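Q: I am new to reading protein models, and I would like a close look at a single part, taken slowly. Could you take me through one sheet and what is packed around it, and then place that part in its wider surroundings?

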Amino acid sequence: MDPATKRPVQGSAKLVMDSYAEYALEVAIQLKEKHPGSKVVAICVGDKPTDDVLRRAYALTADEAVRVWDPAWADLDSQAVAHILARTIQKLGGADLVLTGREAGDIERGVVGPTLAEELGCACATIVARVEAVEGGTAVVRREVDGGYALVSTRLPAVLTITNDETNVPRLPKVKDLMMAARKPITTLGAADLDLDPARLASPLELVDLYIPVQEGQCEIIEGDDGPAKAAALARRLHELKLV
Amino acid sequence: MQNVLVYAGADQGALTKSAREALGAGRRLADALGATLAAVVVAADTDALAQEAIACGADRVYAVANPILSEYQPDLWVAALEAAARAASPDVVLITGDTAGKELAPRLAFRLRAGILTEVSAVAVEGGTVRWTRPVYGGKAMAVYTAKGPVVIGLRARMHDPAAPAEGRRGEVVRVELSVSPELAATRIVEKIQQALGGVRLEDARIIVAGGRGIGGPEGFKDLEALARDLGGAVGASRAACDAGWVSASLQIGQTGATVAPDLYIAIGISGASQHLAGITGAKTVIAINKDPDAPIFKRATLGVVADYKTVLPHLHAELKRILGK
Ligand SMILES: Cc1cc2nc3c(=O)[nH]c(=O)nc-3n(C[C@H](O)[C@H](O)[C@H](O)COP(=O)(O)OP(=O)(O)OC[C@H]3O[C@@H](n4cnc5c(N)ncnc54)[C@H](O)[C@@H]3O)c2cc1C
């Protein structure tokens, strides 16, 4: 963490695809397999090193990859990212389904997907675990709700934000696809290619502090000769501490 | 002077726990700012909800009532919140930390051309400026923000003390007209499937026995379930265990799962990734059973056992049964 910029220092770490974006891509690939003739386009807002992420998408059999970047975009917040993505999708001619991860693993939490739906003026279903069916301009999806699931029907085009489920665990790429991915072209677009509203690129928020909270934790390790002895000692401590 | 507006969500004719948390946070914020607290309730019939919101601290309630609003549908709710916000012109809108709030907050922010912060876990006022704190990087760091203009704040569930209703509090109810057609609902909830999980709801459980990848398969979770049952608790899981299909994804605890606050959390075969720990910040006592002495879970735990859980669990279960006289 850089104390001055309050941003993480990347160092020699490689960029990887965001965890929930991988689940979203898996859902997209499965849909493509079920609906021959459909096309999966991977889009990422980021500078040149972001190509690694798009190559990963290619390796997982995405059909096209588009990277959007402008050197002036150093510090985009998620509303700005959603705006850029929306204009990019429009520029590319639109999509029936736009899939995003339910939330990013770094800073923002679940803002890009719903904002993107608003930007595109299309339907939105969040925290989607499964796409059950896509038919006749409608998708039926299974989403998480508090205390269970809901079946949701959504008109296309729609933005779905994808959560993890046993049916969409990201696959591993095949060696052949990994090799081909390295040679595939990545389309790049910049600010000049898109009809952007500068007001939507400026963050209305200011990051004033970033800190790593101290973990006080004092763990008492239960000793014992073997499993049963440790179990007995743990049960005793739980009882002493009135925890059971 | 700032206006604070709280979305007070409801379920089956009563405010939800998340709504009371939002009203609690809203009341404290309004008091610190010397502002009035407004709330918005959305339903087919809002009379009782409006009174409940006033009892929970609202000075004014914007009531969006329309027969079409009998059940939660996201598109209709965004329109309702937008109408209420236009009437209230708030500087700050606080949105509940439940799954509805998570999708409503960014969409409302877009429509109001406001900024947005989600998962806000702490609110402080310094010199008239509100400082919003939220976990970032999977809970590894905390970020503090200030807003340059109007802002929609998504609250993190279970981090804000809920308002306790006070009978006899007075407030004003303002009706907000909403003309919408059912056609507006491009996304419709057709059916809800509530998970009946052996009685105790994860979110309400006093004791949780949670398993991770280290459990090794669905059979191991049967043993965790048996222990949870005898302790009167519930079973939870890590994302790795849910993704493996060993247990239902609705048992997932963490940043993208349930947020729980039990008295006792027993983590078995869970490494303690920050995203998992994000779901148990409210747990009073954490016990870890893990074969790796360096697993990060031991940094969060009060008591730890370093062992293969299979050698510990049957005896632990038997011992606890004996202690509990079962
Ligand atoms: C954006 C984002 C959100 C996420 N949200 C969540 C979330 O909500 N919840 C969540 O849980 N994760 C979440 N994750 C994933 C998280 O980062 C971890 O990958 C996950 O929690 C790991 O699960 P685990 O501890 O079960 O598995 P592992 O990390 O693989 O740990 C398994 C542990 O079991 C121990 N073990 C193995 N065998 C035994 C044995 N026989 N006896 C005892 N111990 C044993 C090992 O020592 C190890 O510590 C999220 C990740 C991202 C990027």
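A: What follows begins with one sheet of chain A, moves to the helices beside it, and then turns to the ligand and to chain B.

Please keep in mind throughout that this is a predicted model.

The sheet in chain A is an open one, made of three strands in the order E1-E2-E8, and the pairing between them is parallel. Strand E1, residues 41-45, and strand E8, residues 187-189, each have a single partner strand, so they stand at the edges and one side of each is left without a neighbour in the sheet. From one strand to the next, the twist averages 20°. As a general point, the strands of a sheet pair through backbone hydrogen bonds, and they may do so in a parallel or an antiparallel way. In chain A, strand E2 covers residues 64-68, and five bridges link E2(A) with E1(A) in the parallel sense. To find one of these places in the structure, look for Ala42(A), whose bridge partner in E2(A) is Ala65(A).

Helices lie against this sheet, and their directions can be compared with those of the strands. Helix H3 of chain A, residues 78-91, packs on the sheet and touches E1, E2 and E8 of chain A, while its direction makes about 145° with that of E1(A). Helix H2 of chain A, residues 51-59, lies across E1 and E2 of chain A and runs at about 165° to E2(A).

One residue of helix H2 of chain A deserves a pause, namely Asp51(A). With a relative accessible area of 8%, which is under the 20% cut-off, Asp51(A) counts as buried. Leaving out residues up to four places away in sequence, Asp51(A) touches Arg67(A) and Ile186(A).

Helix H2 of chain A also leads to another helix, because H2 is among the elements against which the buried residues of H1(A) pack. The others are strands E3 (97-101), E4 (123-135) and E7 (158-162) of chain A, together with helix H6 (239-243) of chain B. The buried residues of H1(A) include Tyr20(A), Tyr23(A), Leu25(A), Val27(A) and Leu31(A). Helix H1 of chain A has 16 residues, 19-34, which at 1.5 Å a residue should span 22 Å, and its end C-alpha atoms are 23 Å apart, which agrees.

The ligand, too, brings the two chains into one view, since it lies between chains A and B. Around the ligand there are 27 residues, and the closest are Arg213(B), Ser238(B), Thr256(B), Ser271(B) and Asn290(B). In the side chain of Ser271(B), an N or O atom is 2.7 Å from an oxygen atom of the ligand, and an N or O atom in the side chain of Asn290(B) is also 2.7 Å from a ligand oxygen atom. With Gln255(B), a backbone N or O atom lies 3.1 Å from an oxygen atom of the ligand.

Chain B has parallel strands as well, with four bridges joining strand E14 (residues 207-211) to E15(B). In this pair, Ile208(B) stands opposite Ala234(B) of E15(B). Strand E15 of chain B, residues 234-237, is covered on both faces, with Ala234(B) and Gly236(B) buried on one side and Val235(B) and Ala237(B) buried on the other.

Notes: Residues are numbered from 1 along each chain as its sequence is written. Chains are lettered from A and ligands numbered from 1 in the order in which they are written. This is a predicted model: local features need pLDDT of at least 70, side-chain atom pairs count only at pLDDT 80 or more; totals for chains, interfaces and linings use all residues. Side-chain values use heavy atoms; hydrogens and water are left out. Two strands pair if DSSP finds at least two bridges between them. Helices (H or I, at least four residues) and strands (E, at least two) are DSSP runs, numbered from the N terminus. Axes are lines fitted to C-alpha atoms, for helices over the stretch in contact, and angles run from 0 to 180 degrees between N-to-C directions. Contact means heavy atoms within 4.5 Å. The expected span of a helix is 1.5 Å times one less than its number of residues. Buried means under 20% relative accessible area, exposed over 50%, partly exposed in between (1.4 Å probe, protein chains only). A residue is near a molecule or strand if one of its heavy atoms lies within 4 Å of it. A polar contact is a pair of N or O atoms within 3.5 Å; within protein, one must be able to donate a hydrogen and the other to accept it, and residues adjacent in sequence count only if both atoms are side-chain atoms.
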